[in-house]
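This report goes through one protein chain, from its charged pairs to its nonpolar cores, one sheet and the confidence values.

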Amino acid sequence: MGAIVLSLGAVAGQWLPNWHRGFGRVQRLETLDVGLQRLAEDLESAEYVTPNSVAKAPIFFGDKKTVTFVRVSNAPGTDPHLEFIRLAETVDERGFALVRSRAPFKPLDPGRPIEAQLYFADPVVLIRAPFRVSFAFAGADRLWRGSWADSGLLPTAARIEVRDAATDKVLALSTATLLHVDLPAECVTQKSVRQCLEEMRGQTSTQPPKTTAGVGNGP
């Protein structure tokens, strides 16, 4: 009996650490999958909403580490309403983390910077180390850009690139999603959507677009 117990103890001592490491990897991948699904659902639900009656460009500001936009709230038990959403990478005691935060939508003062008027709350960590996430955006030209702002239109697609935080290697878990809305409502009823879009671009062309980076295949 003693020999059997010792043998079982030796086998368990060798097997349990490997099982624990394998279980941890599976758990991290499942958590990453849930976070990616939430990111994709948020981005594809972005609405064409301007900050006030003066501005013509929609609220959608994105770069590799941060995206801010407006969507209809999907919180259970509440009536549908618009809210600002921010997806941003931060660093805490556990390393890199992609945090989702939100704020109630309200018309913004055209005389003040938009970022200075947004107060986000309810932070929720979607993805954390050992994974990092970066964003890219594509328009009708199907070229990926590292930033998107002041274009007069929403991007047609957003790419969510997942990398290993230690090696910075891009992982096969990366994905892309199409936005449900990429046109202003007034262009939907026009005879020529292209002409309407050109007019929208002309109205927002007084502000130079932010620099873009990265070119790739279409979504």
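D42 and R71 are both buried. In this predicted model, their side chains form a salt bridge, with N and O 2.8 Å apart. D42 belongs to helix α1 and R71 to strand β2, so the pair ties together parts that lie 29 residues apart in sequence.

Two further salt bridges also link separate parts of the chain. The side chains of K65 and E89 meet at 3.9 Å, N to O. K65 sits in the loop between β1 (60-62) and β2, whereas E89 is in strand β3, so this pair ties together parts 24 residues apart in sequence. K65 counts as partly exposed because its relative accessibility is 25%, and the range for that class runs from 20% to 50%. R128 pairs with D92, the closest N and O atoms being 3.2 Å apart. This pair links distant parts of the chain, with R128 in strand β5 and D92 in strand β3, 36 residues apart. D92 has a relative accessible area of 28% and is therefore partly exposed.

Salt bridges that share partners join R38, E41, D42, R71 and R100 into one network. The count for the model comes to 12 salt bridges. Three of the pairs are set out below.

| Pair | N to O distance | Separation in sequence |
|---|---|---|
| D42 and R71 | 2.8 Å | 29 residues |
| K65 and E89 | 3.9 Å | 24 residues |
| R128 and D92 | 3.2 Å | 36 residues |

The nonpolar residues come next. In soluble globular proteins, nonpolar side chains tend to be buried together. The largest nonpolar core here has 26 residues, and L39, F60, I127 and F135 have the most contacts inside it. At least two core residues come from each of α1 (2-44), β2, β3 (82-92), β5 (121-128), β6 and β8 (157-164). Helix α1 supplies the largest share, 5 residues. Apart from neighbours within four places in sequence, L39 is in contact with L87, L98, L126, I127, V133, F135 and I160. A second, separate core has 9 residues, among them V49, F61, V70 and L118.

One open sheet is built from 4 strands in the order β7-β6-β8-β9, with antiparallel pairing. Its edge strands are β7 (144-145) and β9, each of which pairs on one side only. Strand β6 (residues 131-138) runs antiparallel to β7 and is joined to it by 2 bridges. F137 stands opposite R145 of β7.

At the other edge, strand β9 (residues 175-178) contains T177. T177 is buried, because its relative accessible area is 8%, which is under the 20% limit. The T177 side chain makes a polar contact with the side chain of E44, at 2.9 Å. Leaving out residues up to four places away in sequence, T177 touches A40, L43, E44, T156, A157 and A158.

Confidence varies along the chain. The mean pLDDT is 81, and 75% of the residues reach 70 or more. Strand β2 (residues 66-72) has the highest confidence, at a mean of 95, and helix α3 (residues 193-204) the lowest, at 61. Over residues 205-219 pLDDT stays under 50, and the model has 26 contacts beyond four places in sequence for that segment.

Terms used:
Residues numbered from 1 in each chain as written. Predicted model: local features only at pLDDT ≥ 70, side-chain atom pairs only at ≥ 80, totals over all residues. Heavy atoms only, no water. Buried < 20%, exposed > 50% of the residue type's maximum accessible area, 1.4 Å probe, protein only. Polar contact = N/O pair within 3.5 Å; in protein donor to acceptor, adjacent residues only side chain to side chain. Contact = heavy atoms within 4.5 Å. Pairing = 2+ DSSP bridges. pLDDT = per-residue confidence, 0-100. Core = buried A, V, L, I, M, F, W, Y, C linked by side-chain atoms within 4.5 Å. Salt bridge = Lys/Arg side-chain N within 4 Å of Asp/Glu carboxyl O.
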